[in-house]
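Hi,

Here is the structure I said I would pass on. Have a look, and my notes are underneath.

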Amino acid sequence: MGLFTGKGRAHLAGHKDLTMHGEIAQCPVGDTIAIPLVDGTATDFEVLVKEGDHVKIGSLLAVRKSMYVPLYASVSGVVKGVEKRMHATKRQQNHIIIANDHLDEKIKVIDIKDPDHMTQENIVDAIKQLGIVGMGGSGFPTYKKYEGVKDVDTIIINGVECEPYITSDYHEMMLQTKALFDGAEFFRKAASAKCAIIAIKVGKPELYARLQAMAKSYEHISVTQVPDVYPMGWERLLIETVTKRTYDRLPSEAHVIVDNAASAISLSNGIRSGMPVIERLVTVSGNGIKYPTNIRVRVGTPVHEIIEAIGGYIADGEGYVLAGGPMMGRSITNDQFVISEYMNAITVLKKQEEHTFACLKCGECTLHCPMHLQPVRIMQAEKANDSDLLGKLDVMRCVECGMCSYICPSKIEVTDFVAKGKRRYGLILRRKKA
């Protein structure tokens, strides 16, 4: 069984041609912006502003209590209060509402006089104060990877973008190549690592040539191409492919830290401008959208405004909206949720009737699971409410990549059942700790 075509990986139809070569659109900034008080699934934020306060772009709005995560205003204007709104977590969550005055007044988050001669400690603090997160969809606070870092010799910049439809990182790497390398160098220095490696998929000759040319100016940064398989963007598989190393729990065990390409670009821009992430390049694509487009969007913009700005749906009520890509994205009941700084894609797919069949016991889901789990047995345990079996089957190791549903010949949404089992067992573990 080959390393790149065997267990745990498969080539997917990418549909990236829909947005790979089109122009970048700019979404009009609306009269109202909503900043979610959410970090991943955590909602323990202390709000630092009140109704009636005037804020500028870069004003600190809230800070997470259990782990320092700052949230900043992406527009200038007046705070209207905190409201419950639909969120990409598929739940109603608190949002800080700002009435945009369209003046775009700004205030710096940090002010670094000599960015090219920062200490390791200064860089880590800048990552923290800028609120840099995993911008490939995870939203994990990046500074946590670098606090007290030891024995890391390699930084991998993940530009793989292995999900179908998504091309936002591709365009950012093409448009902001210098910032990509600059950010990679900041990350390398933050870990005192020997090298940084920018990884992209094969089949992108223009990007590869551009990156190779830029790499000549950086002694410690190189570029590599990885196979066009899913889930190559998953850090465990990416580390194994690039470095031939494995690990148990954390990438640092393999002496590696992985950061997203957009995170590197944002770090460079943030250190040199003093401003946090206030906008994202988002791929809006799929067979349910009239004009698939990459569009630059202010953080806190509702998805329905974005879709309206690029021409709308193919037909109202005949598609469903995913926050993210088709493999790991979440299907949301409406398009009222807003763009967060870590969100890189909105996928709109036509509704299709899928006829499911009884499990064939073919073993394809187990064969293709990148974590070497038994998804069909986990699904059966979830259906039976068997929490003990969920634990024995190691359900918490599932990364919800969607491969088991994609590969299932019976069209069973195996991933949904596994995710439910993971939530069930995770709740049990939290209760035990409490």
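Below is what turned up, starting with the sheet and ending with a pocket.

Some ground rules: this is a predicted model, where local features need pLDDT of at least 70, side-chain atom pairs count only at pLDDT 80 or more, and totals for chains, interfaces and linings use all residues. Residues are numbered from 1 along each chain as its sequence is written, and side-chain values use heavy atoms, with hydrogens and water left out.

The sheet: it is open, with 4 strands in the order 11-10-9-12 and parallel pairing. Helices (H or I, at least four residues) and strands (E, at least two) are DSSP runs numbered from the N terminus, and two strands pair if DSSP finds at least two bridges between them. At the edges sit strand 11 (221-226) and strand 12 (256-260), each pairing on one side only. From one strand to the next, the twist averages 25 degrees (axes are lines fitted to C-alpha atoms, for helices over the stretch in contact; angles run from 0 to 180 degrees between N-to-C directions). Strand 9 (residues 154-158) pairs with strand 10 (residues 195-201) over 5 bridges, and T154 is opposite C195 there.

The helices: helix 5 (residues 205-215) packs on the sheet, touching strands 10 and 11 (contact means heavy atoms within 4.5 Å). Its direction makes about 160 degrees with that of strand 11. In helix 6 (residues 235-243), L237, L238, I239, T241 and T243 are buried (under 20% relative accessible area, 1.4 Å probe, protein chains only). These buried residues pack against strands 9, 10, 11 and 12. Just after helix 6, K244 has a positive phi of about 65 degrees.

One residue to look at is E185, in helix 4 (residues 177-191). E185 is buried, at 13% relative accessible area. Leaving aside neighbours within four places in sequence, E185 is in contact with H220 and I221. Its C-alpha is 8.7 Å from that of A264, 79 residues away along the chain.

Lastly, the second largest pocket has a volume of about 350 Å³. On a 1 Å grid over the protein atoms alone, a pocket is an open set of points where a 1.4 Å probe fits, with protein on both sides within 12 Å along at least five of seven lines; lining residues have an atom within 4 Å of a point. The volume is the space filled by probe spheres set on the points, which are joined across faces, edges and corners. Its lining has 18 residues, with N269, P276, V277, I278 and E279 nearest the centre. Helix 7 gives the largest share, 6 residues.

Cheers

Note on methods
Buried < 20%, exposed > 50% of the residue type's maximum accessible area, 1.4 Å probe, protein only.
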